Amino acid sequence: MPRPCVPVGGDEFAVVLDDEEGDLDARMAAMVSLLQFEFVTRESSFDLACRFGVARREGGEDADELLEQAILALNEAKREGTILVWYQSAMKADLHMAQRQLHQLREWLAGAAPSPLETLCEAMREDRKSTR
């Protein structure tokens with residue numbers, strides 16, 4: 001029997017939910033509600049806040065693909081400062097574009113590729129029209 005919660009690194013965990021057990025949207029809302037609260041000790045208090053990146057099986061995705069999608073959504077939630085983000089296919093395209101741009105920049109900095117920036121110089125001139 002698979003474990004429902006698996007650590008994936010640091011303070012990040014993967015939770016596997018079977019969407020046949022009920023409405024996934026409602027279950028995620030309940031999980032968010034459960035894990036957002038004020039934690040109080042004798043010395044101090046702080047708000048416990050969790051961020052969620054959620055991937056839903058749409059086709060033939062395997063577990064590795066779903067985990068990758070959930071991580072992309074989680075990273076988006078962290079960047080946006082929001083609690084819950086559902087995976088969208090555009091996230092993968094955005095990641096590939098950013099990786100390609102980073103690769104090009106590194107090649108340029110290492111001198112292995114031409115500059116991605118085009119420098120345009122135009123001589124400055126003064127229009128000297130008399131208005132008198």
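Helix α2 has 18 residues. From its first C-alpha to its last, α2 reaches 26 Å, close to the 26 Å expected at 1.5 Å a residue. The model is a predicted one. Helix α2 covers residues 63-80.

**Around helix α2**

Start with the two ends. At the start of α2, Asp62 offers a side-chain oxygen. This oxygen comes to within 3.1 Å of the backbone nitrogen of Asp64. At the other end, Gly81 follows just after α2. Gly81 takes a positive phi of about 75°.

Next, the inward side. The buried residues of α2 are Leu66, Gln69, Ala70, Leu72, Ala73, Leu74 and Ala77. What do these buried residues pack against? Three strands and a helix take part: β2 (12-15), β5 (52-54), β6 (84-86) and α3 (89-109). A general point helps in reading such a list. An α-helix has 3.6 residues a turn, so residues three or four places apart point the same way.

One buried member of α2 is Gln69. Why does Gln69 count as buried? Its relative accessibility is 10%, and the cut-off for buried is under 20%, so Gln69 qualifies. Which residues does Gln69 touch, leaving aside those up to four places away in sequence? They are Ala55, Arg56, Glu61 and Tyr87.

**The whole protein**

Now step back to the full chain. The protein has 132 residues, and buried residues make up 15% of them. Its secondary structure comes to 3 helices and 6 strands. Along the sequence, the order is β-β-α-β-β-β-α-β-α.

The protein exposes about 11200 Å². Carbon and sulfur atoms supply 53% of that area. Contacts can also be sorted by distance along the sequence. Take the contacts between residues at least 6 apart: 33% of these join residues at least 24 apart.

**The β3-β4 hairpin**

Strands β3 (residues 37-40) and β4 (residues 45-48) run antiparallel. They are joined by 4 bridges. Together β3 and β4 form a hairpin, with 4 residues between them. Two of the bridge partners can be named. Phe37 has Leu48 as its partner in β4. Glu38 has Asp47 as its partner in β4.

How many aromatic pairs does a search of the whole structure find? It finds 1. That pair is formed by Phe39 and Phe46. A pair of aromatic rings is described by the distance of the centres and the angle of the planes. For Phe39 and Phe46, the centres are 5.3 Å apart and the planes make an angle of 40°. The pair is tilted.

Are Phe39 and Phe46 buried or exposed? Phe39 counts as partly exposed, at 39% relative accessibility. Phe46 is partly exposed too, at 44%.

**A loop residue**

Asp18 sits in the loop between β2 and α1 (24-34). Asp18 is partly exposed, with a relative accessible area of 34%. Asp18 and Arg57 are 39 residues apart along the chain. Their C-alpha atoms are separated by 9.8 Å.

**Accessibility at a glance**

The table gathers the residues with an accessibility value in this report.

| Residue | Relative accessibility | Class |
|---|---|---|
| Gln69 | 10% relative accessibility | buried |
| Asp18 | 34% relative accessible area | partly exposed |
| Phe39 | 39% relative accessibility | partly exposed |
| Phe46 | 44% relative accessible area | partly exposed |

Technical notes:
Residues numbered from 1 in each chain as written. Predicted model: local features only at pLDDT ≥ 70, side-chain atom pairs only at ≥ 80, totals over all residues. Heavy atoms only, no water. Helix = DSSP H or I, 4+ residues; strand = E, 2+ residues; numbered from the N terminus. Buried < 20%, exposed > 50% of the residue type's maximum accessible area, 1.4 Å probe, protein only. Contact = heavy atoms within 4.5 Å. Areas by Shrake-Rupley, 256 points an atom, 1.4 Å probe, with all protein chains shown as cover. Pairing = 2+ DSSP bridges. Expected span 1.5 Å × (residues − 1). Polar contact = N/O pair within 3.5 Å; in protein donor to acceptor, adjacent residues only side chain to side chain. Phe/Tyr/Trp six-rings, centres within 6.5 Å; stacked < 30°, edge-to-face > 60°.
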